[in-house]
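Me: I would like to learn how to read pockets and paired strands in a protein model. Could we go through them slowly, one feature after another?

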Amino acid sequence: MFEYPVREELKPSGLDGISDEQIEEHWGLYKGYVAQSNALRKELADLRANGQGGGMGFADRRRRYGFEYNGMVLHEFYFQNLKAGVSCDTSSGFHQAVSEQFGSFDAWKEDFANTGKTRGIGWAIAYFDPLTGQITNNFVQLHEDGNVASFQPLVIMDVWEHAYMRDQNALGRPAYIEAFMKNVNWDVVEQRFQAAKRGEVLKRF
Ligand SMILES: [Fe+2]
């Protein structure tokens with residue numbers, strides 16, 4: 001049976017304001033989501049094979065799969081869009097699109113940061129809507145509640161407390177968000193934006 005791999009090549013280091021120790025701890029949690037996603041797929045397949053696919057146990061595990069799977073995928077997109085020292089080129093498609101739609105790049109950034117300050121644990125995600133070409137900043141609670149079907153994620157920021165508790169404290173979300181914004185790999189964001197505009201599915205492997 002196919003197993004999702006841990007994407008070691010995506011692990012960032014040497015960030016500005018987010019320590020390697022913080023990333024290391026967070027990476028351990030990500031590996032847990034990969035392991036759980038694989039275990040759940042096997043469990044669901046076994047239940048089906050045993051004729052228990054219509055049972056309550058199966059339904060519960062199937063619901064759980066959305067949590068674990070999105071937990072795995074969003075962490076991969078998150079780690080992938082972190083790198084120190086990359087600036088957002090004013091001539092890039094993403095910069096131009098958000099400047100036009102939000103009035104300025106800084107206005108988009110402020111809205112994204114405010115999205116990340118939404119009370120509750122989850123994710124701030126700047127999505128591209130392939131239907132309208134608009135970019136929207138959304139809050140996804142936990143890992144799965146608020147994902148918008150068919151929207152393509154461009155900038156992904158984890159705002160669970162585990163993303164900053166090693167470096168900050170329970171009140172440290174604003175400081176962490178400020179640090180995150182200094183470490184966005186805008187080259188990756190631009191690649192995602194161009195691929196989304198071409199109608200390509202975001203490739204994870
Ligand atoms: Fe996380």
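Reply: Let us begin with strands, in a model that is predicted. Two strands are said to pair if DSSP finds at least two bridges between them. In the hairpin of E1 and E2, there are six residues between the strands, and among them I would look at Gly133, which takes a positive phi near 75°.

Me: In what sense do E1 and E2 pair, and over how many bridges?

Reply: E1 and E2 run in the antiparallel sense and are joined over seven bridges. To see one of these contacts in the picture, find Ala126 and look across to E2, where its bridge partner is Asn137.

Me: Which residue of E3 stands opposite Phe128?

Reply: Opposite Phe128 you will find Gln152 in E3. The pairing of E1 with E3 is again in the antiparallel sense, here over six bridges.

Me: How should I read whether a strand is covered, and how many residues of E2 are buried?

Reply: A residue counts as buried when its relative accessible area is under 20%. In strand E2, residues 135-141, five of the seven residues are buried, so the strand is largely enclosed by the rest of the structure. Strand E3, residues 152-158, is mostly covered, with seven of its seven residues buried.

Me: Now for the pockets: how does one find empty space, and what is the volume of the largest pocket?

Reply: The general idea is that a probe the size of a water molecule, rolled over the atoms, shows where empty space is left. Here the largest pocket has a volume of about 240 Å³. Its lining is made of 13 residues, and those closest to the centre are Asn70, Val73, Phe77, Asn147 and Pro153. Two elements, helix H2 (56-80) and strand E1 (122-128), each give two or more residues to this lining, and the largest share, five residues, comes from H2.

Me: Which classes of residue make up the lining of the largest pocket, and from which domains does it draw?

Reply: By class, this lining has 10 nonpolar, two polar and one charged residues. At least three residues come from each of domain 1 (18-80) and domain 2 (93-197).

Me: What is the volume of the second largest pocket, and which element gives the most to its lining?

Reply: The second largest pocket has a volume of about 200 Å³, and helix H6 gives the most to its lining, with four residues. The residues that line this pocket include Phe77, Gln80, Arg192 and Lys203. By class, the lining divides into five nonpolar, two polar and three charged residues.

Terms used
Residues numbered from 1 in each chain as written. Predicted model: local features only at pLDDT ≥ 70, side-chain atom pairs only at ≥ 80, totals over all residues. Heavy atoms only, no water. 1 Å grid on protein atoms, 1.4 Å probe; cavity = no way out; pocket = protein on both sides within 12 Å on 5 of 7 lines; lining within 4 Å. Points joined across faces, edges and corners; volume = space filled by probe spheres on them. Nonpolar A, V, L, I, M, F, W, Y, C, P; charged D, E, K, R; others polar. Domains from an automatic or database assignment. Buried < 20%, exposed > 50% of the residue type's maximum accessible area, 1.4 Å probe, protein only.
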